Every structure is written in C-alpha cells, then in structure tokens.
Amino acid sequence: MTKEVKENKLLKKSGKWGAILGITWIGLNIVIPLVLLRIPAVQKILVVLETKLPFDIPGVG
C-alpha cells in the first residue's frame with residue numbers, strides 16, 4: 001500500500017468531522033488562552049493569584 005493510498009483512507013475515515021474537531025481543539029487550547037491573556041482585567045487577576053500561591057513558579061513575577 002502506497003503512502004498516497006494510506007493518506008486517502010485517513011481522510012475518508014475522519015471525513016468532515018476531523019477538520020471541525022481539529023479547528024475546535026486549536027481554538028480552545030491555543031487561540032482562546034492567548035486572547036484572554038491580552039485582556040487587562042485577566043492580567044490583573046493572574047497577578048493577584050500568582051502572589052497568593054504557596055510556591056514559586058520560575059519565570060513568573
């Protein structure tokens with residue numbers, strides 16, 4: 001079985017839902033957190049929470 005045939009089978013198995021789930025995963029795990037970190041109110045909350053943590057996170061603060 002050639003590589004091209006294997007790729008076609010994978011695309012047929014996932015169908016349209018594979019692309020939808022992939023885009024949703026990227027949005028939930030990458031895009032939304034980056035957008036939230038740009039909001040000043042969220043930044044202030046994170047700074048307050050960071051000072052209340054009982055342990056030190058390297059590279060923060």
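**Reading the labels on a two-helix chain**

Mentor: Let's begin with Leu-46, which lies in helix α2. Keep in mind that this is a predicted model.

Trainee: Okay, why is Leu-46 called partly exposed?

Mentor: Its relative accessible area is 40%. Buried means under 20% and exposed means over 50%, so at 40% Leu-46 is partly exposed.

Trainee: What makes Leu-46 eligible for the nonpolar patch?

Mentor: A patch residue needs over 30% relative accessible area, and Leu-46 has 40%. Leu is also on the list of nonpolar side chains used for patches. Leu-46 is indeed in this surface patch, along with residues including Trp-25, Ile-30 and Leu-49. Together the patch residues have about 950 Å² of accessible area.

Trainee: Which elements give two or more residues to the nonpolar patch?

Mentor: Those are α1 (3-37) and α2 (40-52). The largest share, 7 residues, comes from α1.

Trainee: Pro-33 is in helix α1 too. Is Pro-33 buried or partly exposed, and how do you know?

Mentor: Its relative accessibility is 33%. That value sits between the 20% and 50% cut-offs, so Pro-33 counts as partly exposed. Leaving aside neighbours within four places in sequence, Pro-33 is in contact with Gly-27 and Leu-28. Contact here means heavy atoms within 4.5 Å.

Trainee: And the whole chain, how much of it counts as buried?

Mentor: Just 2% of the 61 residues. The secondary structure comes to 2 helices and 0 strands. As for the accessible surface, the total is about 5800 Å², with 71% belonging to carbon and sulfur atoms.

Conventions
Residues are numbered from 1 along each chain as its sequence is written. This is a predicted model: local features need pLDDT of at least 70, side-chain atom pairs count only at pLDDT 80 or more; totals for chains, interfaces and linings use all residues. Side-chain values use heavy atoms; hydrogens and water are left out. Patches are made of residues with over 30% relative accessible area and no salt bridge: like charges are joined within 9 Å, nonpolar side chains (Val, Leu, Ile, Met, Phe, Trp, Tyr) within 5 Å. Accessible areas come from the Shrake-Rupley method with a 1.4 Å probe; for residues, only the protein chains shown count as cover. A salt bridge is a side-chain nitrogen of Lys or Arg within 4 Å of a carboxyl oxygen of Asp or Glu. Helices (H or I, at least four residues) and strands (E, at least two) are DSSP runs, numbered from the N terminus. Buried means under 20% relative accessible area, exposed over 50%, partly exposed in between (1.4 Å probe, protein chains only).
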